[in-house]
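Colleague: Got a minute? I'm new to this one and would like a quick tour.
Modeller: Sure, let me pull it up.

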Amino acid sequence: MQTRLIVLLSVILLTHGCSTPGPGSTERARLHSGLLSNDGTFIVEWETNPDPIPVNEFFVIDARVLDAGTGSPAADVMLSVDAAMPQHRHGMNHTPAIERVGPGHWRVQDMLFHMPGDWVIYFDISRDEVIRRAQVSIEVD
Amino acid sequence: MLVAACIIALLHGVAEEAGIDFTPQEKRRILQHSPIPPVPDDPTNDWDKNPGAALLGQALFFDTGFSRNGAVSCSTCHQPPRAFTDGRSIAKGLAPGTRHTPGLLNVAHQRWFFWDGRADTLWSQALHPIEHPSEFGSSRVDFVRRIHSDDGYRAAYTDLFGVLPPMEDVERFPPGSHGTSDAWKAMDQADREAVNRAMTNLAKAVAAYESRLRGGNAPFDLFVEGLRNSDPAGMAALSPSAQRGLKLFVGKAGCRQCHSGPLFTDFEFHNIGLPAHHMVDGQPLRDPGRFDGIPLVQKSALSAHGSFSDDPVGDKARRTRSTKRGQEHWGAFKTPTLRNITSTAPYMHQGHFNTLMDVLLYYNTLEDMELQDHHQEAVLKPLNLDEAELADLLAFLHSLESPLPEESLLQAPSRPHQVQEHPHPDSNEGVEQ
């Protein structure tokens, strides 16, 4: 039930908006915009390379965090990213390496969905010691 | 046009005859399993694609002279005709070990080495057997000394890597000095460093050889090629029964969740609940597997992030460091490849099962499954397949049998360094390359 809800939410929240080709990829990477944190404070825009996410191959996430109120980059927040397979009760095998590449802008390496199935990516955004989470479910197959 | 129509009619005919139709989803999944891609580069080993290094490594692989009793080589346990396994439940070198010998075909594709992944590079794996008491039972100093005192080996080594330490000096390099011995600890720091450097160079040569151990096309690969090109002749490489087994494999049997990709392994670790099978001193051996493998590889000075690596700050090094360890890793073992699985009985990390059907029966019922607490990964459920389905799955597994690599890779090479009966330590003569 819970996962259904998440899937539903993410379908609603994910708009396959403006597309920019990912670096070095022939496919067009989709920019996922409008992923809201649970309390609506932040918007996460993110894309992956490769796209779509392949089973059991390392991929990179490029993520931008915006203040939902103003739409401008949230330059004063920290981001951490993780992912899990809730139905299998396990997460990823590596802690992703996150690098800030600009104001409100991060590059996340060492993401690996080693099994096919339903994964959830968590974007945890902290400001002033309060952590807000935006999450999205993804099926890789 | 007419040709196309004929092909379609023919295809249709074959599909009907065999009664196997694959859905687009099944087809997409099946295509992920073949072909095997080229061997990836190993940036931590500058010699991984070097033919001379591979030849030296091949000589080392088949040479029993490095073991304490002169009777054990890598190929004692990794026997080419058995797809580089030994037919035993538990390996035996100088003495019985504690785990089953895995095969080495396509091994250079792996992310981690050993059942518990306690090595993160192919070359660092090769260092373990030398001093392991139940494998070669030797020491690094004796290992490097034998290279030094054999003209052929010495010439091959110096051509590739430069000079060897002056191993003839037994005061500086005492015989029998293995990594934990007092003699080793008493050695000069620079001398220890030099021996470690030589030993890791030799291990990189062994890895260069191992990375050439590629299997050829299995019937399954011919089938996939046929499926990809809608070519019924290619698809005929699999019997209808094997095709039904494949459907189960990528479908309701759920095998591809872990046995994914062209090598039928995700290269990662899972606890599939096998109860301990091997007895040590009358007690079942409870093996922590990956739970212990993670700290071992992270602490090892010989890992991808160590000073003997040729890429100590690269992706591999970072990923070894960032590997997470949790309760779910207790009793988890690396998913084995299913390629050439017919040749590699018995099965599992303690050789639990003698036949592939026994393996399938385990997955079918999960009888005797040992559940961890709630930390256990929740993937496996009893499959409850009927007899015909089990036979189909088995037929499919049999179709993963690849021809072995070329004959010249399956035995000791005669050049460049014929192993000498009576090595002459003072001779400087190299053999022609």
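Colleague: Which residues line the second largest cavity?
Modeller: In this predicted model, the lining takes in A:Asn93 and A:His94, along with B:Trp112, B:Glu268, B:Phe269, B:Arg290, B:Ile294, B:Thr323 and B:His329. A cavity here is a set of points on a 1 Å grid over the protein atoms alone where a 1.4 Å probe fits but cannot get out, and lining residues have an atom within 4 Å of a point.

Colleague: What volume does that second largest cavity have?
Modeller: About 50 Å³. The whole structure has 3 cavities of 30 Å³ or more.

Colleague: Switching topic: how many residues does each chain bring to the contact?
Modeller: Chain B brings 27 residues and chain A 19, with contact meaning heavy atoms within 4.5 Å.

Colleague: And how many salt bridges cross that interface?
Modeller: There are 6 between chain B and chain A, counting a side-chain nitrogen of Lys or Arg within 4 Å of a carboxyl oxygen of Asp or Glu. B:Arg319 and A:Asp110 pair up in a salt bridge, at 2.8 Å from N to O.

Colleague: Any ground rules on numbering and confidence?
Modeller: Residues count from 1 along each chain as its sequence is written, while chains are lettered from A and ligands numbered from 1 in the order in which they are written. Local features need pLDDT of at least 70, side-chain atom pairs count only at pLDDT 80 or more, totals for chains, interfaces and linings use all residues, and side-chain values use heavy atoms, leaving out hydrogens and water.

How values were computed. On a 1 Å grid over the protein atoms alone, a cavity is a set of points where a 1.4 Å probe fits but cannot get out, and a pocket is an open set with protein on both sides within 12 Å along at least five of seven lines; lining residues have an atom within 4 Å of a point. Grid points are joined across faces, edges and corners, and a volume is the space filled by probe spheres set on the points.
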